Amino acid sequence: TRTVGVLALQGNVREHEAMLASLGARVVRVRRPEELAEIDGLVLPGGESSTIDKLSRAFGVRDPLIERIRDGLPVFGTCAGLILLADRIVDGIEGQQTFGGLDATVRRNAFGRQTESFETELDVPELGDPPVRAAFIRAPVIEELGSAARALATLPDGHVVAAEQGAILATSFHPEQTGESRLHERFLARL
Ligand code: GLN
């Protein structure tokens with residue numbers, strides 16, 4: 001059995017653990033550098049990207065994690081996790097950094113206060129039918145996707161909200177909160 005880590009510095013760790021366990025994965029929480037050694041893949045959960053960024057540095061896990069992502073570790077980021085995977089971030093808080101790996105520019109809290117959170121049926125051609133029930137919670141969007149990456153889903157307004165590049169998969173929305181398992185399955189298939 002392959003072991004999947006969930007980065008557990010802050011955010012909605014439990015929902016991902018439950019989803020991964022329901023798909024038969026062995027799941028461990030990752031906070032410290034030495035915990036990276038035992039994993040075959042990693043989920044970066046939603047939460048607050050600037051907080052996760054700060055804590056990753058405080059726990060000394062940032063640099064080794066960046067190295068493992070560069071080495072091709074399968075990674076799945078949702079919401080704040082997408083922000084952390086993007087190579088470029090606009091409107092981050094002062095000093096905010098990302099791990100990078102995904103050739104993309106993200107905008108945080110892209111839907112503003114009015115529509116901070118919403119759910120929608122999202123067509124993800126790669127996953128076929130039915131459409132994905134997608135929960136957007138103070139969600140980011142991908143403003144620009146580099147040529148190394150590929151869009152998996154686009155909102156009617158043209159914003160890319162799911163993308164992949166090599167072993168990296170990232171979504172603006174939270175599939176773990178709507179019982180949508182196909183993206184986790186896609187990630188697990190790479191381990
Ligand atoms: N707005 C959060 C951030 O900037 C992301 C929200 C989420 O992960 N649900 O990190």
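These are my notebook entries on a ligand shell, three annotated residues and one helix.

**Entry 1: confidence**

I began with the scores, since this is a predicted model. The average pLDDT of the chain is 96, and 99% of the residues reach at least 70. I also wrote down an ipTM of 0.94 and a pTM of 0.97.

**Entry 2: the ligand**

Which residues are around the ligand? I listed Gly46, Gly47, Glu48, Ser49, Cys79, Ala80, Ile83, Arg108, Asn109, Ile137 and Arg138. By kind, I sorted this shell into 4 nonpolar, 4 polar and 3 charged residues.

**Entry 3: the annotated residues**

I then turned to the UniProt record, an unreviewed entry, which lists Cys79, His174 and Glu176 under "active site". They are spread over 98 residues of sequence, yet I find them clustered in space, with a largest C-alpha distance of 11.1 Å.

**Entry 4: Cys79**

Cys79 is a residue I had already met in the ligand shell. I located Cys79 in the loop that runs between strand 4 (75–78) and helix 4 (80–85). Is Cys79 buried or exposed? I count Cys79 as buried, because 29 other C-beta atoms lie within 10 Å, and the cut-off for buried is 20 or more. Setting aside neighbours within four places in sequence, I see Cys79 in contact with Gly46, Ile137, Ala139, Pro140, Ser172, Phe173 and His174. Among these contacts is His174, which the UniProt entry also lists. Gly46 and Ile137 are contacts of Cys79, and I had noted both around the ligand.

**Entry 5: Glu176**

Next I looked up Glu176, which sits in the loop between strand 12 (168–171) and helix 5 (182–188). Glu176 is buried too, as 28 other C-beta atoms lie within 10 Å. Not counting residues up to four places away in sequence, I find Glu176 touching Glu15, His16, Met19 and Thr78.

**Entry 6: helix 1**

Two of those names, His16 and Met19, led me on to helix 1 (residues 13–22), where they are buried along with Val13, Glu17 and Leu20. Why do I say that the buried residues line one face of the helix? Viewed down the axis of helix 1, they fall within an arc of 165°, so they line one face. I found Arg14, Ala18, Ala21 and Ser22 exposed on the other side of helix 1. What do the buried residues of helix 1 pack against? My list has strand 1 (3–7), strand 2 (26–30), strand 3 (41–44) and helix 5. One last backbone note: Gly24, just after helix 1, has a positive phi of about 90°.

How values were computed
Residues are numbered from 1 along each chain as its sequence is written. This is a predicted model: local features need pLDDT of at least 70, side-chain atom pairs count only at pLDDT 80 or more; totals for chains, interfaces and linings use all residues. A residue is near a molecule or strand if its C-beta atom, placed from the backbone, lies within 6 Å of it. Ala, Val, Leu, Ile, Met, Phe, Trp, Tyr, Cys and Pro count as nonpolar, Asp, Glu, Lys and Arg as charged, and the others, Gly among them, as polar. UniProt positions are given in the numbering used here, feature names are shortened, and annotations may be inferred rather than shown by experiment. Helices (H or I, at least four residues) and strands (E, at least two) are DSSP runs, numbered from the N terminus. A residue is buried if 20 or more other C-beta atoms lie within 10 Å of its own, exposed if 12 or fewer, and partly exposed in between; C-beta atoms are placed from the backbone. Two residues are in contact if their C-beta atoms, placed from the backbone, lie within 7 Å. pLDDT is the predictor's confidence in each residue, from 0 to 100. The arc is that of the directions from the helix axis to the C-beta atoms.
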